[in-house]
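Morning, everyone. I have one structure to go through, and I will keep to side chains, helices and backbone angles.

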Amino acid sequence: MAIAMEREASLFIGEVEKPIDYKYYFTLFQKNFYVILTFFIIAITITSIYVAKMPDQYTAVSQIILERPVAQWTEEKGGTSKLDVESWTEDYYKTQIEIMKSNAVLQRVVKDLKLMSYFETDSESTAVAKLQNMILVDRIRGSRLFNITAKASESKMAADLANGFKARLQQSEM
C-alpha cells in the first residue's frame with residue numbers, strides 16, 4: 001500500500017504546469033485586430049438586418065379553470081358503493097385539451113370572431129387551419145388551470161383570439 005502511494009506521489013512531482021503567457025495572446029490579438037474587428041462588424045450588420053426584417057409577433061395569454069366534474073357513486077355487487085374519482089385524473093384533463101383544440105370548437109370561434117374576413121378567405125376550413133396554428137392550449141401542471149396562448153401579427157388580434165377562444169369555451173361549459 002505504501003509503495004503504491006509513493007509511486008503516485010512521484011508521478012505528480014515530475015509534472016510542472018507552465019504559466020499562461022498572456023503577452024503572447026495580447027500580441028496575437030494586436031496583430032489580428034483589424035481582421036477580428038471586420039468579422040465582428042460583419043456579424044453585427046447581418047444580425048441587425050435579419051432582426052429588422054423579422055415580422056412582428058405578438059402573444060396574448062388567457063387563463064381558464066375547469067371545474068371538477070361531479071363524482072359518481074357506483075353500486076358494486078354485495079350492496080357496497082364507491083366513489084368514482086377517476087373523473088378528474090390526468091386523462092380527464094388531456095381529453096379536455098383535445099376537446100378545446102378540436103375543429104368543432106375552432107369553427108365556432110371562427111364564426112364568433114368573424115375570422116374568415118380577417119384571414120381573407122371564403123373557406124371555413126382554411127380559417128380553422130390558420131387559427132389552429134395561432135392557438136396553443138397548455139395545462140398548468142398540478143392544477144385545473146389552462147393557459148390559452150394566441151399568437152398574431154397584431155397585438156389586438158392576439159388579445160381578441162385568446163379572449164374569444166376563452167369566451168367560447170366558457171359558453172360551451174367545458
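Arg168 counts as buried, because its relative accessibility is 15% and the cut-off for buried is under 20%. This is a predicted model, so keep that in mind throughout. Arg168 has a salt-bridge partner, Asp112, and the closest N and O atoms of the two are 2.8 Å apart. The pair links distant parts of the chain: Arg168 sits in helix α8 and Asp112 in helix α5, with the two positions 56 residues apart in numbering. Asp112 is partly exposed, at 38% relative accessible area.

How do the axes of α5 and α8 cross? Helix α5 covers residues 103–112 and helix α8 covers residues 155–171; their axes come within 10 Å and cross at roughly 120 degrees. The range for roughly perpendicular ends at 115 degrees and roughly antiparallel starts over 145, so α5 and α8 are oblique to each other. The crossing of these two helices is right-handed.

Back to salt bridges. The count for the model comes to three. The second one is in helix α8: Asp160 pairs with Lys156, with 3.0 Å between the closest N and O atoms. These two are four residues apart in α8, which means about one helical turn separates them. On accessibility, Asp160 is partly exposed at 31%, whereas Lys156 is exposed at 58%.

The remaining bridge joins the side chains of Lys101 and Glu98, at 3.9 Å from N to O. The distance cut-off for a salt bridge is 4 Å. Lys101 is partly exposed, with a relative accessible area of 33%.

Now the overall layout. The protein has eight helices and five strands. From the N terminus, the order is three helices, three strands, four helices, two strands and a final helix. The protein has 174 residues, of which 21% count as buried.

Next, the surface. Which residues form the nonpolar patch? They are Phe29, Phe33, Tyr34, Ile36, Leu37, Phe40, Ile41 and Ile44, and together they have about 790 Å² of accessible area. Helix α3, residues 33–53, gives the most to this patch, with seven residues. Ile41 is one of the patch residues and is found in helix α3. Ile41 counts as partly exposed, because its relative accessibility is 47% and exposed needs over 50%.

Last item, backbone angles. Most residues other than glycine have a negative phi. Which way does phi go for Lys114, positive or negative? Phi of Lys114 is positive, near 55 degrees. Lys114 lies in the loop between α5 and α6, the latter being residues 115–118. At 60% relative accessibility, Lys114 is exposed.

Glu120 also has a positive phi, near 55 degrees, and is not a glycine either. Its place is in the loop between α6 and α7, where α7 is residues 124–134. Glu120 is exposed, with 72% relative accessible area.

To go back to the start: the bridge I would look at on screen is Arg168 with Asp112, since it links helix α8 to helix α5. The patch to look at is the nonpolar one, with helix α3 as its main contributor. The two backbone positions to check are Lys114 and Glu120. That is all from me.

Conventions. Residues numbered from 1 in each chain as written. Predicted model: local features only at pLDDT ≥ 70, side-chain atom pairs only at ≥ 80, totals over all residues. Heavy atoms only, no water. Patch = residues over 30% accessible without salt bridge, like charges linked within 9 Å, V, L, I, M, F, W, Y side chains within 5 Å. Areas by Shrake-Rupley, 256 points an atom, 1.4 Å probe, with all protein chains shown as cover. Buried < 20%, exposed > 50% of the residue type's maximum accessible area, 1.4 Å probe, protein only. Axes fitted to C-alpha atoms, helices over the stretch in contact; angles between N-to-C directions. Parallel < 35°, antiparallel > 145°, perpendicular 65-115°, else oblique. Left-handed = near helix turned anticlockwise from the far one by under 90°.
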